Amino acid sequence: MSATDATRPRPSPETLLEATVQVPASFEYRRASSVEDALAQLERFGEEARVIAGGHSLLPMMKLRLARPGLLVDINDLHELDYVRLEGDELCVGALTRHRELLESELVGRLFPIFHDAERVIADPPVRNRGTIGGSLCQADPAEDLSAVCAAVRAVAVVLGGGGRRRVPMAEFYRGPYETDVGTGEMLVEIRVPVVPGGGSAYEKVERKTGDWAIAAAGAALAVVDGRIASPGIGLAAVGVSPVGYRRAEEALAGREPSAEVFAEAGRIAAEDCDPVTDTRGTAAYKRHLAGELTERALRRAAERAGRPVAAA
């Protein structure tokens with residue numbers, strides 16, 4: 001051993017641990033006792049605070065130090081945010097509602113079977129038992145299933161903060177990858193979905209293995225009124241920076257009679273308007289092809305559930 005080696009400072013046990021094991025940066029932890037308490041903690045710590053419920057998206061990012069919150073506000077005791085109910089012409093879902101509860105809800109399946117389609121292909125039972133709809137939407141991952149679902153059914157996010165309660169349409173909720181309209185000192189508390197008479201919805205997904213992130217996925221919702229398509233909605237996952245923004249494809253559907261040709265045209269337009277990238281899951285061209293095909297399939301199944309089956313072209 002040289003003199004230099006002998007005098008060189010030894011790394012601390014903590015440094016050695018962090019070099020070999022994924023360890024989050026230090027943070028404070030508070031378990032909220034009420035919505036008001038959670039908002040007070042979020043307001044106090046500002047941009048350094050993050051809400052945690054299931055934690056399946058946030059904790060891996062913290063372990064990789066892609067996220068370094070100064071405070072975690074645990075909302076698992078806020079049972080007032082865990083519900084599924086019908087209020088007037090809206091399905092209301094509390095932000096703390098677990099994936100499993102959505103999958104098992106008869107009301108959700110009857111009004112919006114698209115949720116059941118998606119929940120069956122989200123991860124695995126342990127994740128579905130703990131993960132929440134609010135956590136999924138606020139993660140704003142471009143490949144996240146429920147984001148595409150909520151875009152298709154034109155859900156509205158209810159955000160609560162010091163300035164009161166505000167409603168944010170899905171088209172405005174997503175500002176970019178991993179970024180939402182939920183501001184400092186605010187939290188998502190509810191998702192509201194308008195119930196359209198004569199409506200149908202469906203979700204189609206291609207994945208490498210069961211429960212994996214999508215290679216591409218498409219959600220579609222529509223109603224058939226007097227033989228024509230009304231209130232069409234399309235949301236795509238894993239083929240762009242946002243699940244929303246397929247207005248041209250929706251406009252190509254509105255007011256027209258359901259048919260294989262109309263659905264194929266909407267799929268083609270959706271494929272043109274998405275922006276996939278080549279990665280380990282597939283080439284951009286392959287994903288674009290999937291986006292069109294899956295949109296068409298989801299539209300056909302949504303029409304069937306709306307009482308107007310359309311055979312493939």
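Begin by selecting F112 and F115: both residues are buried. The model is a predicted one, and the tour below moves through it one selection at a time.

**Aromatic pairs**

Keep F112 and F115 on display and show their rings. They form an edge-to-face aromatic pair, with 6.5 Å from centre to centre and 80 degrees between the planes. How many aromatic pairs does the count come to? The count comes to two. For the other, select F173 and Y174, whose rings are also edge-to-face, at 5.2 Å centre to centre and with 90 degrees between the planes. F173 is buried, its relative accessible area being 0%. Y174 has a relative accessibility of 10% and therefore counts as buried, since the cut-off for that term is under 20%.

**The hairpin of β4 and β5**

Next, select residues 84-87, which make up strand β4, together with β5; four bridges join these strands, and they run antiparallel. The two strands form a hairpin with two residues between them. Within the turn, G88 has a positive phi of about 60 degrees. To follow the pairing residue by residue, begin at E87, whose bridge partner in β5 is E90. Then move to V84, whose bridge partner in β5 is V93.

Add Y83 and R85 to the view. R85 lies over the face of the Y83 ring, at 3.8 Å from the ring centre.

**Strand β5 and its surroundings**

Now select β5 alone, residues 90-94. Is this strand largely enclosed or left open by the rest of the structure? Five of its five residues are buried, so β5 is largely enclosed. Its side chains can be viewed in two groups: E90, C92 and G94 point one way, whereas L91 and V93 point the other way, and all of them are buried.

Extend the selection to strand β10, residues 187-194. β5 and β10 run antiparallel and are joined by five bridges. At E90, look across to β10, where P194 stands opposite.

**The three-stranded sheet**

Turn to another set of strands: β1, β2 and β3. They form an open sheet in the order β1-β3-β2, with parallel pairing. Select residues 28-31 for β1 and 49-52 for β2; these strands stand at the edges, and each has a single partner strand, so one side of each lacks a neighbour in the sheet. Neighbouring strands here are turned against each other by 25 degrees on average, direction ignored.

Then select residues 71-74, which form β3; this strand pairs with β1 in the parallel sense over four bridges. One place to inspect is R31, whose bridge partner in β3 is D74.

With the sheet still visible, add helix α3, residues 35-45. This helix lies across β1, β2 and β3, and it runs at about 170 degrees to β3.

**A buried loop residue**

Select I122 next, which lies in the loop between α7 (113-119) and α8 (125-130). Is I122 buried or exposed? Its relative accessible area is 7%, and it is therefore buried. Apart from its neighbours within four places in sequence, I122 is in contact with H99, R128, D145, L146 and G211. Draw a distance from I122 to G211: the C-alpha atoms are 5.1 Å apart, although 89 residues separate the two in sequence.

**Helix α14**

Finally, select residues 284-305, the 22 residues of helix α14. Why does a separation of 31 Å between its end C-alpha atoms agree with expectation? At 1.5 Å a residue the helix should span 32 Å, so the separation in the model agrees with that value.

Within this helix, select K287. With a relative accessible area of 3%, K287 is buried. Leaving out neighbours within four places in sequence, its contacts are I215, A216, A238, V239, P276, V277, D279, R281 and G282.

The last stop is G307, just after α14, which takes a positive phi of about 90 degrees.

Note on methods
Residues numbered from 1 in each chain as written. Predicted model: local features only at pLDDT ≥ 70, side-chain atom pairs only at ≥ 80, totals over all residues. Heavy atoms only, no water. Expected span 1.5 Å × (residues − 1). Pairing = 2+ DSSP bridges. Axes fitted to C-alpha atoms, helices over the stretch in contact; angles between N-to-C directions. Contact = heavy atoms within 4.5 Å. Buried < 20%, exposed > 50% of the residue type's maximum accessible area, 1.4 Å probe, protein only. Phe/Tyr/Trp six-rings, centres within 6.5 Å; stacked < 30°, edge-to-face > 60°. Lys NZ or Arg CZ within 6 Å of the ring centre and 35° of its normal.
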